[in-house]
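Could you walk me through a few exercises on this structure, with worked solutions? I am new to it and would like to go one step at a time.

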Amino acid sequence: MKIGIVLCIFVSLAMGSPVPPNTQLCNCSTDARMLLSNLSLIMEKQGKMQDRDLFAGFNCTDLEAQMIPHTHTASVCQPSTSDEESCSSHRGAQSFSETECLKNIRADLCYYDVMLNSYKPSETLLNPVKTATKNLLNCLNENCEAEDVSSEFPQWQIWSGSSFDDRLSLCKALKGFHIRAITVNRALGYVASGDHRK
């Protein structure tokens, strides 16, 4: 009887796969959803407010999104797929790198954190986005392994000093941040699922 129990334990251990480190630790999906929600809210509000419209004098929805030129989040955070499963085989058989993905996400968030905090005048409408950005950065730093990126990417100066031009730039940057937040949500969901470790 004892031999049967010991044998069952050994068989179950042999058939199970080891639990990779940080399987459940890197789960910042809630913070990522909050960031996306706050960005969506500020983009939806603009143009519908009567007083103190952040984007008064122009239609923000008509402007192009401005993306960060020195990160590769969209490409490095793309889930691994075989060539048969994917229509976009430009990545070929490259495997998903959680470290590289999180490094680029952190770089995006660091950039947007600095950019939003440098906007003068500091609009209270931006506070929920600033807070959500900082919370997601903190979650990633506390729960996910990746390299420090604080000074790795060059600064991208967008403020000119003219109120109108700065608000145009802010609109374009927030639209780019909104697009990037969608990518970050998908990527962090994929990381949290652990599918790339199978």
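Here are four exercises on this predicted model, each with a solution in steps.

**Exercise 1. The disulfides**

Task: Find how many disulfides there are, and say for each one which parts of the chain it links.

Solution.
Step 1. Start with the count: sulfur atoms within 2.5 Å make a disulfide, and by this rule there are three.

Step 2. Take C28 and C139, whose sulfur atoms are 2.1 Å apart. C28 sits in the loop between α1 (2-15) and α2, while C139 belongs to helix α5, so this disulfide ties together parts that are 111 residues apart in sequence.

Step 3. Next comes the bond from C60 to C171, with an S to S distance of 1.8 Å. It connects distant parts of the chain, since C60 is in the loop between α2 and α3 and C171 in helix α6, 111 residues apart.

Step 4. Finally, C77 is joined to C101, S to S 2.0 Å. Here C77 lies in the loop between α3 and α4, and C101 in helix α4, 24 residues apart.

**Exercise 2. Handedness and burial of the cysteines**

Task: Work out whether the disulfide of C28 and C139 is left-handed or right-handed, then do the same for C60 with C171 and C77 with C101.

Solution.
Step 1. Look at the torsion about the S-S bond. For C28 and C139 it is about -90°, so that disulfide is left-handed.

Step 2. For C60 and C171 the torsion is about 100°, so the disulfide is right-handed. The bond of C77 and C101 has a torsion of about 110°, so it is right-handed.

Step 3. Now check burial, where the cut-off is under 20% relative accessible area. C28 has 1%, so it is buried; C139 has 7%, so it is buried. C77, at 6%, is buried, and C101, at 0%, is buried. C60 and C171 are both buried.

Step 4. For contrast, try C110: with 24% relative accessibility, it counts as partly exposed.

**Exercise 3. The core and the packing of two helices**

Task: Identify which element gives the most residues to the largest nonpolar core, and describe how α4 and α5 pack.

Solution.
Step 1. The largest nonpolar core has 46 residues, and those touching the most other members are L35, I105, M115, L136, L140, L170 and L188.

Step 2. Two or more residues come from each of α2, α4 (98-118), α5 (127-143) and α6 (163-193). The greatest share is that of α6, with 12 residues.

Step 3. Zoom in on I105. Beyond its neighbours within four places in sequence, I105 contacts T73, C77, L140, V184, A187 and L188.

Step 4. Turn to the helix pair. The axes of α4 and α5 are 10 Å apart, at an angle of about 150°, and α4 passes α5 in a left-handed crossing. The residues of this contact are nine nonpolar, three polar and four charged.

**Exercise 4. The surroundings of A65**

Task: Decide whether A65 is buried, partly exposed or exposed, and find which residues A65 contacts.

Solution.
Step 1. Locate A65 in the loop between α2 (29-45) and α3 (73-76).

Step 2. The relative accessible area of A65 is 30%, so A65 is partly exposed.

Step 3. Leaving aside neighbours within four places in sequence, A65 is in contact with K172, K175, G176 and I179.

Step 4. Compare sequence with space: A65 and A173 are 108 residues apart in sequence, yet their C-alpha atoms are 6.4 Å apart.

Conventions
Residues numbered from 1 in each chain as written. Predicted model: local features only at pLDDT ≥ 70, side-chain atom pairs only at ≥ 80, totals over all residues. Heavy atoms only, no water. Helix = DSSP H or I, 4+ residues; strand = E, 2+ residues; numbered from the N terminus. Buried < 20%, exposed > 50% of the residue type's maximum accessible area, 1.4 Å probe, protein only. Contact = heavy atoms within 4.5 Å. Core = buried A, V, L, I, M, F, W, Y, C linked by side-chain atoms within 4.5 Å. Axes fitted to C-alpha atoms, helices over the stretch in contact; angles between N-to-C directions. Left-handed = near helix turned anticlockwise from the far one by under 90°. Nonpolar A, V, L, I, M, F, W, Y, C, P; charged D, E, K, R; others polar.
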